[in-house]
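Please open the model in your viewer and keep the selection panel at hand. The stops below say what to select next and what is to be found there.

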Amino acid sequence: MANLDDYQAPAVINRWRTLALGAGGIAVLAWGVGTYMNPEQGLRSWLLGFIFWAGITFGSLGVLMLQYLTGGAWGVVIRRTLEAATRTFPLVVLLFIPLAIGVWTHTFFEWTHLPADDPIMAHRGVYMTPWFWIVRAAIYFAVFGFMIYLLNGWSVKQDKTETVEESRLVLERASRFSGPAMVFFALAVTFAVVDWMMMLDAHWFSTMWGLLFVAGWGLSCFCFSVTILANLSDTAPMNRVLGKRHFHDLGKLMLALTMVWAYFNFSQFLIIWAGNLPEETTWYLARMKGGWGYVGIGLILFHFAFPFLVLLQQDFKRKARWLASLAMFILVMRIVDMFYLIGPTDRVSGTLEQGAFFISWMDIVAPIAVGGIWLWWFFGQLLKRPMVPAKDPYFEEAVEHGHGH
Amino acid sequence: MESKLHGIMAEFDTPSDLVDAARKVRDAGYTKTDAFSPFPLHEIDEALGIKRSILPYLIFCGGITGLLSGIGLQYFVHVFDWPIIVGGRPHFSLPAFIPPAYELTILFSAFVAVFGMLFLNGLPAPYHPVFNVPRFALATREKFFLIIESKDEKYDYAETRSFMESLAPQEVFDVEE
């Protein structure tokens, strides 16, 4: 069987780690000052950074389970990147604390300020109270944390196996777990994003919401993995592993999820547009006026149309560098998409006219702050384990697949 | 009798023999060639110098045509031919037009993909000269065949036949028209 020492993480990751911490540290300080001056805007911006980067953590958990279920060479070569991303989980819990404090102190989320006799608040009762909101978040984290703990544990165990049979047994256990776990994952994501994102607008609701995030986080995860792997594909040990066909496969998955993202968003829009009910249409009305309208058109063009047309081409998907450039572009658009969901919602302080276009400097600083720390933690985790599951029974086959035609 | 030949065919025992021979045929400058194998050989496209198919571009054009037909059809029906107010919306309501336009995009792309593939492959072909070689039936089972057609510019019966024999095939056949 393969020797794990051949696949130790390259030293270049250490440098990236320092860079990430430096950028993140400076941004956190700036964000801290800004939040001291304007707590509500600070927390709204923090939520923007949190939902994007935590989306990569939880998206990676979903894709990790997906590749245990489907198999395939792409899953074997990105598995360790996904696992390292899921192990940022303790950090994600820490990053959530400012949001929990914000809700507990009624600093942001309009519903924390609505009177108890507001019909919808009265109907939802205890569900929309700060303490229950925080308890629910703890439950979601427990569900995600449990899955992440088990899957990473089995992966460590697989690296210690001596024979193919033992290794296969561990793999089978992970696959059997992933099937049912996937159901709870999708449910936990749905409930979590309803709490963390949809409740920004206390009166609005959409049954598409959970799926939007399952697809969006999956897309974020693939784009992130492609970015990392393409930048490592020229250095040992990944230059011995990755081939153009791996990137071709990952590019196809990016294309599929770009389309799914657009499909879910359009479904939500079409249902609300066709229904034409005032309690639903307000959400889109706010997002189609003035500056927000341009952001919306920008998303259609650059989150869907442009990546879609580029990814249709076979040659593009086979060149790691090109694919990585597009992946980074889509990641930026993912942040814009989250901004489009958060930005137009009502503020507690009422400082802005309802629905007016506004972008704060903290909307740029907070994603960098969260991202710097997140990446610092991620690279630390990536360095801890060999870069590929070299003891996986399908490892050799997966490497060979990448170098075919 | 030379003019009546469709080409010269060589039989090989293994896929790697076929690919090696195909590379030599390509390097010798023959272009009107073809290879036959019981299962897909990914290397053969490169070995024989077969160009990438134009099918993807045709499918893309098919998709665009479908999209425009879908929107055009609905625009014609809802705005010119039989305008009806539905739900108080304008006659030209793009959100409602997108699902049918999308369906037509898929339909046209799929038609172009299937029928374009058949057309570019020269199918249906009720008669093909290669079947005049009785052993060619083995191409669906265990043998690998390579053919140089007589319409190739470099084709010369004696020269091409001796070239084929130099590739160490199991047997060389004249394929009658």
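Begin by selecting A:L82, which is buried because 27 other C-beta atoms lie within 10 Å, where buried stands for 20 or more such atoms, exposed for 12 or fewer and partly exposed for values in between, with C-beta atoms placed from the backbone. This is a predicted model, in which local features need pLDDT of at least 70 and side-chain atom pairs count only at pLDDT 80 or more, while totals for chains, interfaces and linings use all residues. Residues are numbered from 1 along each chain as its sequence is written, and chains are lettered from A and ligands numbered from 1 in the order in which they are written.

A:L82 belongs to helix α3 (residues 73-86) of chain A; helices (H or I, at least four residues) and strands (E, at least two) are DSSP runs, numbered from the N terminus. Leaving aside neighbours within four places in sequence, add A:S60, A:V63, A:L64 and A:S225 to the selection, since A:L82 is in contact with them, contact being defined by C-beta atoms, placed from the backbone, that lie within 7 Å. If you then draw a distance from A:L82 to A:H123, 41 residues apart along the chain, the C-alpha atoms should be separated by 41 Å.

**The nonpolar cores**

Which members touch the most others in the largest nonpolar core? In this core of 116 residues they are A:F50, A:V77, A:F222, A:V226 and A:M254, a nonpolar core being a set of buried Ala, Val, Leu, Ile, Met, Phe, Trp, Tyr and Cys residues joined through C-beta atoms within 7 Å. Centre the view on A:M254, which touches A:L219, A:F222, A:C223, A:V226, A:L311 and A:A327 when residues up to four places away in sequence are not counted. Apart from the largest core lies another, of 24 residues, and B:F12, B:V25, B:A47 and B:L146 are among them.

**Loops of chain A**

Go next to A:L242, in the loop between α8 (209-232) and α9 (244-275) of chain A, which counts as buried because it has 24 C-beta neighbours inside 10 Å. Not counting residues up to four places away in sequence, A:L242 touches A:V77, A:L229, A:S233 and A:G402, whereas A:L66, 176 residues from A:L242 in sequence, is 20 Å away in space, C-alpha to C-alpha.

In the loop between α6 (130-159) and α7 (164-196) of chain A, select A:T161, which counts as partly exposed with 18 C-beta neighbours inside 10 Å. Although A:T161 and A:K391 are 230 residues apart along the chain, their C-alpha atoms are separated by 7.4 Å; A:K391 is one of the contacts of A:T161, which also include A:E166, A:S167 and A:V170 once neighbours within four places in sequence are left aside.

Most residues other than glycine have a negative phi, and most peptide bonds are trans. Against that background, select A:H106, in the loop between α4 (89-104) and α5 (119-124) of chain A, where phi is positive at about 60 degrees although the residue is not a glycine. A:F109, found in the loop between α4 and α5 of chain A, has a positive phi near 75 degrees. Is each of these residues buried or exposed? A:H106 is exposed, with 12 other C-beta atoms within 10 Å, while A:F109 counts as buried, with 28 C-beta neighbours inside 10 Å.

**A helix pair**

Display helix α10 (residues 278-288) and helix α11 (residues 290-311) of chain A, whose axes come within 5 Å and cross at roughly 95 degrees, the axes being lines fitted to C-alpha atoms over the stretch in contact and the angles running from 0 to 180 degrees between N-to-C directions. That crossing makes α10(A) roughly perpendicular to α11(A), a term used for 65 to 115 degrees, with angles under 35 counted as roughly parallel, over 145 as roughly antiparallel and the rest as oblique. A:A286, A:R287 and A:M288 of α10(A) make the contact with A:W292, A:G293 and A:G296 of α11(A).

**Chain B**

Finally, colour chain B by its domains, domain 1 (2-52 + 138-176) and domain 2 (55-120), with bounds that come from an automatic or database domain assignment. The C-alpha centres of these domains of chain B lie 44 Å apart. In the loop between α4 (94-120) and β3 (144-149) of chain B, select B:P124, where the peptide bond from B:L123 to B:P124 is cis, with omega near -5 degrees. To close, show the interface, at which 5 residues of chain B are in contact with 7 residues of chain A.

Definitions and conventions
Contact = placed C-beta atoms within 7 Å.
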